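Visitor: Before we begin, could you take me through the interior of this protein and the packing of its helices, one step at a time?

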Amino acid sequence: MISALARPRVISTFAAAGRVASLVFQHRLLFRPLHSSTTTPTPTPIPNGYTFNRSVPSLADLTLPSHPPGTQVTLCGWAQTVRRLSASLAFVVLRDGTATVQCVVHSEKLVAALADVSAESVVRVTGSTLEKKEGGVEVVVEEVELVNRADKLPVQLFGTGGATLPNEDARLKYRYLDLRRPSLQLALRARHLALQSTRTTLTQHHGFLEIETPMLFKSTPEGAREFLVPTRRAGTFYALAQSPQQYKQLLMASGIDRYFQIARCFRDEDQRKDRQPEFTQVDLEVAWPEGGPEAVRGVVEDVVAGIVKAVSGATADERPPVRVEFPRISYEDAMRRFGIDKPDMRYDGVAEIAQLPAASASTDYKVVDTLHLPAHTFPLSAADTARLTAAAKSVDPSLHVVRWRPDRSPAFPFLDPKSTVSFDGYTKNDTVIFAPRTHARAMGGATALGKLRAAMLGCGAHADAPLLPASARASLMNRPKRHTFVWVEGFPLFTPTEMDDKPAHAIGTDNNNNNNQASAPRRQWTATHHPFTAPRPSDAHLLVPKEDRNDEDALASIHGLHYDLVLNGFEVAGGSVRIHSADMQRRVFEVLGMSETQRTQFAHLVDALRFGCPPHAGAAIGFDRLLSVLLETPSIRDVIAFPKSSGAELMVGSPAHVAESQLKEYHLRVRDE
C-alpha cells in the first residue's frame with residue numbers, strides 16, 4: 001500500500017544558482033578520486049609522456065584544515081586569467097568544475113613561461129599552500145606545466161566585474177565552453193543529486209521498479225505533435241514517444257504494480273523558456289492505488305521534497321528553513337480567482353479576479369470578469385495605463401482597461417443598460433480591467449484576463465518581464481521569495497476544441513483521408529489531460545454513447561480525476577487516475593470524435609484493458625522544469641547539458657540535411673515548396 005505523506009514538511013530552501021556554492025562541499029562523493037585505495041596509485045603513462053596525477057582531487061577540496069600552510073600540492077585545471085604584474089610577479093586564477101584558486105608566481109623564469117599560457121589553457125601547477133590575509137588559501141607556485149594551450153576563445157565567458165555574457169545562441173554554438181561557467185557546473189551537479197534522490201525515494205522508500213520502455217513507438221493522437229522516424233519499409237514510420245504513457249499502462253496490465261523510469265520524451269512543440277523538443281520526466285505508475293489520487297500525490301510530494309532537499313544547500317543569508325506545503329485548489333477556484341489553471345501562489349491575494357453579478361451582463365455575454373488595481377497600491381500614471389491598454393488589446397480585443405473617474409459613468413457595451421451594478425469600491429485613478437466572457441464556465445488553460453494578470457504581475461513565465469512598471473510593483477517587492485507549490489484538481493475531463501491549442505492531428509482529427517486534409521473538420525471536444533484519464537465516479541453516468549446524449553453540453557460538467565502540481569506558476573508535475581475499463585475507454589474515444597481508423601491505433605491498449613487490467617493511477621514530474629524553477633535559471637536550457645534552441649542544436653548543427661542516397665534508402669523525397 002502506498003499512503004499519502006504527512007504534510008507539511010520543513011525543508012531548506014535556496015535562492016539563485018549562484019547562492020548554492022556550498023552544494024559541492026556537502027557532497028564529496030561527486031569529487032572523490034577515481035581510486036579507492038588510501039595509497040597514492042602509480043601514474044599510468046599515456047603516449048605523449050604526460051602523467052596526470054594530482055594531490056588534490058578537486059579545487060573545492062583545497063582547504064586550510066586539510067592543507068595547512070606549507071603543504072605541497074599539485075593541482076590541475078584551466079587558467080581562467082593570467083595577470084603578469086612585473087617580471088617577477090604574476091597571478092593565475094586556476095579553475096576546475098568545483099572552485100577557483102589563486103596561484104602566486106614569484107619566479108622570473110616561471111613568469112616568463114606564463115607568456116605561453118593563454119586564457120583557458122589546461123595547466124598543472126605544483127606549489128605550497130599559503131593562507132590569504134582575507135581568509136582562504138592560495139598556492140605559491142614552484143612549477144607550471146602547460147598541458148594543452150588554448151587558442152583564442154570565440155566567445156568570452158569569464159570577463160571581469162559585471163561583464164555581459166555573449167548572447168545565448170553564441171554560447172550554445174560553443175556549449176562545451178559555456179558549460180565551464182560555475183553556474184552551469186552547479187546546475188548539472190544539482191541535477192545529478194536530484195536524480196540520485198529520486199531513485200532512492202522511489203526504490204528504497206516506496207518499492208518501485210525502474211523499467212525502461214521503448215523510445216521508438218508509433219504515431220497516436222495523444223495531444224502533442226510527434227517526431228516521425230522513417231524506416232526502410234516503404235510508407236511506415238516510427239514516432240518518438242511523447243511519453244511512456246501507454247507503455248506504463250500496459251505494464252500495469254502485466255502485473256507490475258509499481259513502475260518508474262527517468263524517461264526521455266519527445267514533442268515537436270514551439271519552443272519556450274520552459275519547453276524543449278526533448279526533455280526528461282520522472283514517470284511513475286501505481287496499480288491498486290489505495291485512496292486513488294491521494295496515493296500518487298503522496299509519492300510525488302515525497303519525490304519533490306527529496307529533490308528540493310538534495311539541491312538546496314545553505315543560503316547565503318543563513319535564513320531559517322521555510323515550511324513547504326502542498327495545498328490544494330480546485331480548477332474552478334483557480335480559474336475564478338486567477339483566470340489560469342497554473343496559478344502562481346506567491347501572489348495569492350494580490351489583484352485577484354472578481355466577477356460582476358451575472359444579471360449585469362448583456363445578452364451577448366454570460367459573465368464579466370473584473371480586476372481592480374487600487375491607485376494607493378498600484379500607482380499607475382496615464383502613460384502606464386495607456387501601455388497596459390495596448391498590452392490588453394494584444395491579449396484579447398474584448399478587454400477594457402479603465403482609469404477610473406468617479407465623476408464619469410462610462411458606458412460599457414458588455415453590461416445590460418438596465419443593470420444596477422454598483423462601482424462604489426472604485427476610487428479616483430484606480431485602474432479597472434473588465435473582461436466579458438461568452439461562456440458561463442471558465443474553461444481551457446487561461447481566460448483573457450488571467451493571461452493579462454499573469455503578465456502584469458510577472459507570474460510564472462512572465463517573471464523576467466512583468467507588464468507593470470517597477471513603481472507599481474513596489475508593494476510586491478517586499479513579499480518573501482518562496483518556492484510555493486499548489487495542487488490543482490477537479491479539471492474538466494473535456495475541453496471545447498476552440499479553447500485548446502493542440503494541433504488538429506494530435507487530438508484525433510482524421511488526417512488519413514486522401515482528399516483535402518486541410519479542410520478536415522475539427523471536433524467539438526478534446527481531452528483536457530489525455531484520452532486515458534478516468535472521469536470522476538459521480539460524473540461517469542454522463543459519459544454515455546452519442547445516440548443516448550440529449551445535451552451535448554453536459555459533457556462540459558464531467559470532471560476528470562486529473563491533478564497538476566504547480567510551482568511558482570509553472571506546471572512541474574501532472575497525473576491522473578486512468579481508465580481501466582475497455583468500454584469506458586471506447587466511450588471517451590467516441591466523445592473525442594475519433595474515427596474507426598484512429599481508434600485502431602489504440603487497439604493494443606484497449607485489448608489490455610479487455611483482458612483484465614487493475615485500477616491504476618500515475619504521474620509524471622517535469623524534471624527539467626522543476627530544476628529550472630528551483631534553481632531560478634533563465635530557462636530550462638540552463639539545467640540541460642546540451643539543449644536545443646528554436647528546435648536546433650547549434651553546436652553540432654542538427655537537424656541537418658542528408659544525402660540523396662540515404663533518402664532513397666528510406667523511400668523519401670524532399671519536395672520543393
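Guide: A residue counts as buried when its relative accessible area is under 20%. Please keep in mind throughout that this is a predicted model.

Visitor: Is Cys613 buried or exposed?

Guide: The cut-off for a buried residue is a relative accessible area under 20%. Because the relative accessibility of Cys613 is 8%, this cysteine falls on the side of the cut-off called buried.

Visitor: How many disulfides are there?

Guide: A disulfide would require a pair of cysteine sulfur atoms within 2.5 Å. When that rule is applied here, the number of disulfides is zero.

Visitor: Which helix gives the most to the largest nonpolar core?

Guide: The largest nonpolar core has 77 residues, and those touching the most other members are Leu284, Val300, Val304, Phe494, Leu565 and Leu626. With nine residues contributed, the helix that gives the most to this core is H7, residues 293–312.

Visitor: Which residues is Val300 in contact with, leaving aside its neighbours within four places in sequence?

Guide: Val300 is itself among the residues that touch the most other members of the largest core. With its neighbours within four places in sequence left aside, its contacts are Leu284, Trp487, Leu565, Ala573, Ala619 and Ile621.

Visitor: At what angle do helix H12 and helix H14 pack?

Guide: From H12, the residues Ala582, Gln585, Arg586 and Phe589 meet Val606, Leu609 and Arg610 of H14. The residues of this contact comprise four nonpolar, one polar and two charged. The axes of H12 (residues 582–591) and H14 (residues 603–610) lie 8 Å apart, and the packing angle is about 150°.

Conventions:
Residues are numbered from 1 along each chain as its sequence is written. This is a predicted model: local features need pLDDT of at least 70, side-chain atom pairs count only at pLDDT 80 or more; totals for chains, interfaces and linings use all residues. Side-chain values use heavy atoms; hydrogens and water are left out. A nonpolar core is a set of buried Ala, Val, Leu, Ile, Met, Phe, Trp, Tyr and Cys residues joined through side-chain atoms within 4.5 Å. Buried means under 20% relative accessible area, exposed over 50%, partly exposed in between (1.4 Å probe, protein chains only). Helices (H or I, at least four residues) and strands (E, at least two) are DSSP runs, numbered from the N terminus. Contact means heavy atoms within 4.5 Å. Axes are lines fitted to C-alpha atoms, for helices over the stretch in contact, and angles run from 0 to 180 degrees between N-to-C directions. Ala, Val, Leu, Ile, Met, Phe, Trp, Tyr, Cys and Pro count as nonpolar, Asp, Glu, Lys and Arg as charged, and the others, Gly among them, as polar.
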